[in-house]
Amino acid sequence: MRLYLIGMPGAGKTTLGRALATAYGLPFRDLDQEIVRLEQRSIPDIFAAEGEAYFRQREAAVLREVVAELPGLVLATGGGTPCFHQNMDLLLETGYTLYLYAPLEELVRRLQQGAASRPLLAQAGSPEALENRLRETLAVREQFYSRAPLRCSGAACTVAAVQRLLAQYQTSS
């Protein structure tokens with residue numbers, strides 16, 4: 001089984017993904033961490049040196065490598081992963097895709113401290129600017145996120161909740 005977690009930065013994809021991988025006895029991968037490992041440089045460094053277009057191409061290539069390599073895994077994607085290079089189609093065709101939704105206020109609270117290390121949020125200096133940037137980003141990405149057949153919201157998105165969602169989905173399809 002492949003389970004893919006998508007959603008905005010700060011939604012908790014990595015944290016929940018690790019717990020789900022443990023619960024299902026599957027390997028866990030964080031796509032951003034895989035890119036950093038293969039590129040041997042940070043994501044901000046990749047953006048600064050090569051730009052977003054290069055990063056998105058590399059992200060799509062690494063996604064395809066991970067999917068080809070592991071028939072079973074839990075994968076936390078980057079927030080923008082589903083929005084480029086037909087990545088969402090790949091996710092939907094090769095596994096179960098879960099949209100981990102978090103309210104905007106929660107994202108702002110979680111991302112305030114680390115926004116400077118995230119290339120697409122680094123320019124948002126104040127909490128208000130960060131909230132505006134996240135709102136704009138979500139408005140663009142929602143069309144991709146909403147294609148996920150599984151959706152889980154905020155603090156209610158526990159391992160047990162995802163297991164129930166997945167079991168219901170598997171029996172209904």
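In which helix is Thr-15 found? I began my notes with that question, and on this predicted model I placed Thr-15 in helix α1.

**Entry 1: the annotated stretch at the start of α1**

I looked up the UniProt record next, and its unreviewed entry gives the annotation "binding site" to Gly-10, Ala-11, Gly-12, Lys-13, Thr-14, Thr-15 and Arg-118. From this set, Ala-11 belongs to the lining of the largest cavity. I then went through some members of the set one by one.

For Gly-12 I noted a place in the loop that runs between β1 (2–6) and α1 (13–24). Its relative accessible area is 22%, so I entered Gly-12 as partly exposed. When I set aside residues up to four places away in sequence, I found Gly-12 touching Leu-100 and Arg-110.

Thr-15, already placed in helix α1, has a relative accessible area of 62% and is therefore exposed. The cut-off I relied on here is that exposed means over 50% relative accessible area.

UniProt also lists Thr-14 for "binding site" (unreviewed entry). I located Thr-14 in helix α1, and, not counting residues up to four places away in sequence, I recorded that Thr-14 touches Phe-28, Asp-30 and Ala-76.

**Entry 2: a further annotation, at Asp-32 and Arg-56**

I went back to the record and saw that UniProt places the feature "binding site" (unreviewed entry) at Asp-32, Arg-56, Gly-79 and Arg-141. I followed two of these residues, Asp-32 and Arg-56, into the model.

Asp-32 lies in helix α2, and with a relative accessible area of 26% I wrote Asp-32 down as partly exposed. Leaving aside neighbours within four places in sequence, I found Asp-32 in contact with Ile-43, Phe-55, Glu-59 and Gly-78.

Is Arg-56 buried or exposed? I found Arg-56 in helix α4, and because its relative accessibility is 5%, Arg-56 counts as buried. The limit I needed for this step is that buried means under 20% relative accessible area.

**Entry 3: how α2 meets α4**

Since Asp-32 lies in α2 and Arg-56 in α4, I turned to the two helices themselves. I kept in mind that two packed helices are described by the angle between their axes and the distance between the axes. At what angle do the axes of α2 and α4 cross? For helix α2 (residues 31–39) and helix α4 (residues 52–69), I noted that the axes come within 10 Å and cross at roughly 105°. I therefore described α2 as roughly perpendicular to α4, since angles of 65 to 115 degrees fall under that heading.

On the α2 side I listed Leu-31, Asp-32, Glu-34, Ile-35, Leu-38 and Glu-39 as making the contact, and on the α4 side Tyr-54, Phe-55, Arg-58, Glu-59, Val-62, Leu-63, Glu-65 and Val-66. Sorting the contact of α2 with α4 by class, I arrived at eight nonpolar and six charged residues, with no polar residues. Asp-32, annotated in the record, is among the α2 residues of this contact.

**Entry 4: backbone angles in two loops**

I looked at phi next, bearing in mind that most residues other than glycine have a negative phi. Gln-40 is not a glycine, yet I found its phi positive, near 55°. I placed Gln-40 in the loop between α2 and α3 (43–50), and since its relative accessibility is 72%, I counted Gln-40 as exposed.

Gln-86 gave me a positive phi of about 55°, although Gln-86 is not a glycine either. I found Gln-86 in the loop between β3 (73–76) and α5 (87–94), and at 57% relative accessibility I counted Gln-86 as exposed.

**Entry 5: two pairs separated in sequence**

How many residues separate Val-140 and Cys-83 along the chain? I noted that they are 57 residues apart, with their C-alpha atoms separated by 8.8 Å. Val-140 lies in helix α7 (residues 127–145), and, because its relative accessible area is 52%, I entered Val-140 as exposed.

For the other pair, I recorded that Thr-158 and Leu-5 are 153 residues apart in sequence and 13 Å apart in space, C-alpha to C-alpha. I found Thr-158 in the loop between β5 (150–153) and α8 (159–172), and with a relative accessible area of 36% Thr-158 is partly exposed.

Notes
Residues numbered from 1 in each chain as written. Predicted model: local features only at pLDDT ≥ 70, side-chain atom pairs only at ≥ 80, totals over all residues. Heavy atoms only, no water. UniProt positions renumbered as here; feature names shortened; annotations may be inferred. 1 Å grid on protein atoms, 1.4 Å probe; cavity = no way out; pocket = protein on both sides within 12 Å on 5 of 7 lines; lining within 4 Å. Helix = DSSP H or I, 4+ residues; strand = E, 2+ residues; numbered from the N terminus. Buried < 20%, exposed > 50% of the residue type's maximum accessible area, 1.4 Å probe, protein only. Contact = heavy atoms within 4.5 Å. Axes fitted to C-alpha atoms, helices over the stretch in contact; angles between N-to-C directions. Parallel < 35°, antiparallel > 145°, perpendicular 65-115°, else oblique. Nonpolar A, V, L, I, M, F, W, Y, C, P; charged D, E, K, R; others polar.
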